[in-house]
Protein chains: 2
Amino acid sequence: MKISTKGRYGIRLMLSLALNYNNGHLPLNVIAKEQGISEKYLEQIINPLTKAGLTTSFRGAQGGYSLSKEPSQITVGSILRILEGSLSPVDCLDNGLCEKANSCTSLSLWQKIKEAVDEVVDNTTLEDLVEEYHAKNGMNFYI
Amino acid sequence: MKISTKGRYGIRLMLSLALNYNNGHLPLNVIAKEQGISEKYLEQIINPLTKAGLTTSFRGAQGGYSLSKEPSQITVGSILRILEGSLSPVDCLDNGLCEKANSCTSLSLWQKIKEAVDEVVDNTTLEDLVEEYHAKNGMNFYI
DNA sequence: ATGATTTCTTATATATTTGGTAGGAATTAT
DNA sequence: ATAATTCCTACCAAATATATAAGAAATCAT
């Protein structure tokens, strides 16, 4: 039941872009240095986010990445599902229920866990994290 | 964010013991056969549950296992935490917060996820699963 | 044009975790 | 005694997690 580094780094990465939302785009090496994560690893993480349309990339010199929507329009859930796969605790909730579903006793338990997690991640946006960031770190510039 | 087979099999195993709660103890080979799980693997799963005091073992011929408390007194959370380790999505919530905790923006997100999961698993008991079992499978004997 | 910068693509490497299997010792009922 | 059962320890293969790396493609600044 752990979130992997991809999910965790991905959230931090997206928070960086959210904090920078009004300043154009940001290259990965800046974020990598600031967060102490390998730039190459960050590339792998942001790639699927770009493909999914959450971020926009600008290639070449002076390129970088930016959010493709307002922070308030990007939920933590959409980020985590791209990076972690489904957040449900068992596969059967995703792959369509198995043939024993109507007699399966634990099914509703897994379903409740899934709903509880979904409720949190689908109702937390990057804007919420930005507010949290400022509450904890003051209004200072990010970078 | 997946529950492993140990957690899933463990829940099913404990449900079997709960369904059998008024009939004394049950040997693993019976449960293994019924659920199509290797008896040797079930041994590894029930062992920590016994050490944690959730189940009682009876060695030797005609031995077996039984719940050591009423099904209503055993939560799904207590079972899963023994078999899966902590259910929190990140390690820092268990190992004591790290030195960056007071500036960490994602911390409260992880905490909310943890609380949401805890809320479900700590308020679901084996008795609830027994009721669910009977609702789905009728009042027929279990074994 | 050229060089510097940056993303994009693909391949590779290592460590850890998962999901078991297996052998035999210890214990107990019959 | 014997059979049944838990208990303990070791082992193993496959998958997953966590990266590192090389170089191609694109773009900007000069």
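**Figure 1. Residue types on the surface near DNA strand D.** In this predicted model, the residues of the surface near DNA strand D comprise eight nonpolar, 13 polar and seven charged ones. Of the 28 residues around the strand, A:S38, A:K40, A:Q44, B:S57 and B:Y65 come nearest. On the DNA side, sugar and phosphate make up 64% of the atoms of strand D that come within 4 Å of the protein.

**Figure 2. Contacts with the bases of DNA strand D.** A base oxygen of DNA strand D lies 3.0 Å from a backbone N or O atom of A:A61. In chain B, a backbone N or O atom of B:A61 is 3.3 Å from a base nitrogen of the strand. The side chain of B:K40 has an N or O atom 3.4 Å from a base nitrogen of DNA strand D. Among the elements that give two or more residues to the surface near this strand are helix 1 (5-19) of chain A and strand 1 (55-58) of chain B. Helix 3 of chain B gives the most, with five residues.

**Figure 3. The two protein chains and their axis.** A turn of 180 degrees and a shift of 0.0 Å along the axis lay chain B on chain A with an RMSD of 0.1 Å. That is the relation of a two-fold axis. B:M1 comes closest to the rotation axis of the residues of chain B, at 2.0 Å (C-alpha). The copies meet through the same surface, because 100% of the interface residues of chain B are also interface residues in chain A.

**Figure 4. The largest nonpolar core.** Of its 86 residues, A:M14, A:I79, A:W110, B:M14, B:I79 and B:W110 touch the most other members. Leaving out residues up to four places away in sequence, A:I79 touches A:G10, A:I11, A:M14, A:L49, A:L54, A:I74 and A:L126.

Definitions and conventions
Residues numbered from 1 in each chain as written. Chains lettered and ligands numbered in written order. Predicted model: local features only at pLDDT ≥ 70, side-chain atom pairs only at ≥ 80, totals over all residues. Heavy atoms only, no water. Least-squares fit on C-alpha atoms with pLDDT ≥ 70 in both. Contact = heavy atoms within 4.5 Å. Core = buried A, V, L, I, M, F, W, Y, C linked by side-chain atoms within 4.5 Å. Buried < 20%, exposed > 50% of the residue type's maximum accessible area, 1.4 Å probe, protein only. Near = heavy atom within 4 Å. Polar contact = N/O pair within 3.5 Å; in protein donor to acceptor, adjacent residues only side chain to side chain. Helix = DSSP H or I, 4+ residues; strand = E, 2+ residues; numbered from the N terminus. Nonpolar A, V, L, I, M, F, W, Y, C, P; charged D, E, K, R; others polar.
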